[in-house]
Amino acid sequence: MDREPFVIATTDRGSIAVSADAVAQIVGSAAAESYGVVALAGRGRLSRLVPWGIKKGVDVELRPDGLVIQLRVVVEHGLKLAEVAEAVRSRIHYELERMVGLPIASVEVHIDGVRH
Amino acid sequence: MELEVVRHLARSALRNLEAHRRRIDDLNVYPVPDGDTGTNLTLTLRSIVEALDASTAVDSEAVAKDVTRAALMGARGNSGVIFSQIVRGFVEVLGRHEGVSGALLSRAFRGASDTAYRAVKRPVEGTMLTVIREMAEESERKEHRRLRPNELLQAVLARGEDAVARTPELLDVLRNAGVVDAGGAGLVEIARGMVYGATGEEIPEAPVETESLGLDAIHLELSEFRYCTVFLVDGEDLDKDALEAQLEEIGDSLLVVGDSSALKVHVHTDDPGRALMLGTAVGVVEGVEIANMHHQTAQREERLLEGSPSALQTLETGLVAVCPGRGNRRLFESLGATRVIEGGQTMNPSAKDILDAIEAVPTDDVIVLPNNSNVVLTTEQAASMSEKRVRVVPSRSVQAGLAAMTGFMSANSIDENERTMLGELESAATGEITVASRTASLDGIEIREGEYLGLVDDTAVVSDPDLDVVVHAVVDRVLERGHTFLTILTGDDAPAVDGFVAAFEARHPGLEVEIHDGGQPHYPLLVVAQ
């Protein structure tokens, strides 16, 4: 995973960069406000030791073709999971395009659990 | 709760929501401005109405169970999911008692609000959630304590309207776009339809919206009925509303247009004879067209499978595409798509629709083109559900899908096809020209309602009252990377484009331009450069 911040604009006076952490915060915040999402899932022990690019339940990576986002969420029991996941995915995509402006290669939403 | 009463209220709610569906679609800017809130709510409510029609529930608890299940199964889109949760909380309370009092109704609204809020980690105010919460609060006011259910419903509706009007104060994105919340507006129209049903008031026309809902849009919807029936009624003092109400009883996808001397009727029904009798009872019927829709589908399948058996055997890879518009369908078919599913911006097919199409393709290897960013995930789901080897080439628009299609050869292996199609998709530049439905600021572009709006690769790049300016700006941008082949898909309300071709070729020497009648709604012009 890339530790360097992602450069989003370069001018003759310098460049503007955004950190993977900031991207993860945007993703986490958009997910938390998405209907049906009651929690962001915790991650495995190993990933918690990796200090960069990870918010709870959020993975951010910059590949040559754009940002790759992976998100793990817990959804309220009794909701149609496919519709919830699609709404979360499209919202994250939209928020990232609007706020960060980097190309987005993929946004994957994993439903890790269902809360009764 | 009695089944008959609930049926009546739900139908009335659906009818009123349908009349406002386009307006609500146009309000939709949050959480993602994809203009489908009205349609998603309508489809969700429709599945509840259909379940009630089929229900044999004899007591309140069983009615509640049927409604909850239908809401969950039929939930479409973000607003549909929230609505399904509101419905669940509402009928859960009502299902515990046989009768309905004002006090019980109030507890039902509280249940609806609490259940809706429970399913989100961080509720956003200024949305459907705010509206249902305020409705619940209104129902609990002391001065309403002695109201009968109908009266309470009216008070709750008035508060809901007020809450919707205040949504821009709570959510900046609404204020910036100059709209109220679409989901909240939909919820109020549903409540209003219930009030009409409860009081027996007529549902007023919503003239602007119903007119723009054309036959094509209606045909995109799924119908459980067999016959598409169209006819004209000539007569004097024809009562459009009365005829509509009678036809409503026997079918769906109903459209009655015209005036007191002539009405055009379109209805999907299992009993076309009865529909015609309703017409002849009030006037002279002519121009009758009855099509067996199940037969139409079957015929299409036959047509697809017809080719000689030997030709079929050389098929290595099948292809399923999702796209809106008759012209686009033909275009994808002519480029080798084995199956095309209607769908797009405001009508997303379900995973099951896509899975059915995948299963129906006569090959073991199938490539799927979602052709819309909202359909990509559903497609991936369908792909994972199939036993076949399925690859999704994630085209985010019809024109992007068309670019990918140019790399498809049914005689080649799935790996080879996937590789070339992804390559085409990657290198293509796509653009869209639409008419702005409201004044707003987007991607740093100031957009005025009614102006032409140009987007390139999903980003707004230009807005101007002059179509020429917008078309050239978009085409210049999609050709920036040195592409030499431009395809234009004209939509439902497309302007004349012949004049543009010469202009493009003059501005971009060596450019080849191709124009096809795509027939997609909402986007007069779609372009892709390769």
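**A sheet, a strand and a contact**

Visitor: Which residue in β7(B) stands opposite Gly318(B)?
Guide: In this predicted model, strand β5 (residues 317-323) of chain B and strand β7 (residues 365-369) of chain B run parallel and are joined by five bridges. Strands of a sheet pair through backbone hydrogen bonds, either parallel or antiparallel. The residue in β7(B) that stands opposite Gly318(B) is Val366(B).

Visitor: Which helix packs on the sheet, touching β5, β7 and β8 of chain B?
Guide: The helix in question spans residues 414-427 of chain B, and its direction makes about 20 degrees with that of β7(B). The helix that touches these three strands is α21 of chain B.

Visitor: Which strands are the edge strands of the open sheet in chain B?
Guide: The open sheet is formed by four strands, whose order is β6-β5-β7-β8 (chain B) and whose pairing is parallel. An edge strand here pairs on one side only, and that description fits the two strands that span residues 339-342 and 389-392 of chain B. They are β6 and β8 of chain B.

Visitor: By how many degrees are neighbouring strands of this sheet turned against each other on average?
Guide: The sheet meant here is still the one with the order β6-β5-β7-β8 (chain B). With direction ignored, the average turn between its neighbouring strands is 20 degrees.

Visitor: How many residues of strand β16 of chain B are buried?
Guide: Strand β16 (residues 525-529) of chain B is mostly covered. Leu525(B), Val527(B) and Ala529(B) point one way from the strand, whereas Leu526(B) and Val528(B) point the other way, and all are buried. Of its five residues, the number buried is five.

Visitor: Which residue is the bridge partner of Thr490(B) in β16(B)?
Guide: Strand β9 (residues 429-435) of chain B runs antiparallel to β16(B) and is joined to it by five bridges, with Thr430(B) standing opposite Val528(B). Strand β14 (residues 485-490) of chain B is also antiparallel to β16(B), again with five bridges. For Thr490(B), the bridge partner in β16(B) is Leu525(B).

Visitor: Which element gives the largest share of the side of chain A that touches chain B?
Guide: The contact takes 21 residues from chain A and 24 residues from chain B. On the side of chain A, the elements that give two or more residues are β3 (37-40) and α3 (81-99) of chain A. By class, this side has 11 nonpolar, three polar and seven charged residues. The largest share, 10 residues, comes from α3(A).

Note on methods. Residues numbered from 1 in each chain as written. Chains lettered and ligands numbered in written order. Predicted model: local features only at pLDDT ≥ 70, side-chain atom pairs only at ≥ 80, totals over all residues. Contact = placed C-beta atoms within 7 Å. Nonpolar A, V, L, I, M, F, W, Y, C, P; charged D, E, K, R; others polar. Pairing = 2+ DSSP bridges. Axes fitted to C-alpha atoms, helices over the stretch in contact; angles between N-to-C directions. Buried ≥ 20, exposed ≤ 12 C-beta atoms within 10 Å, placed from the backbone.
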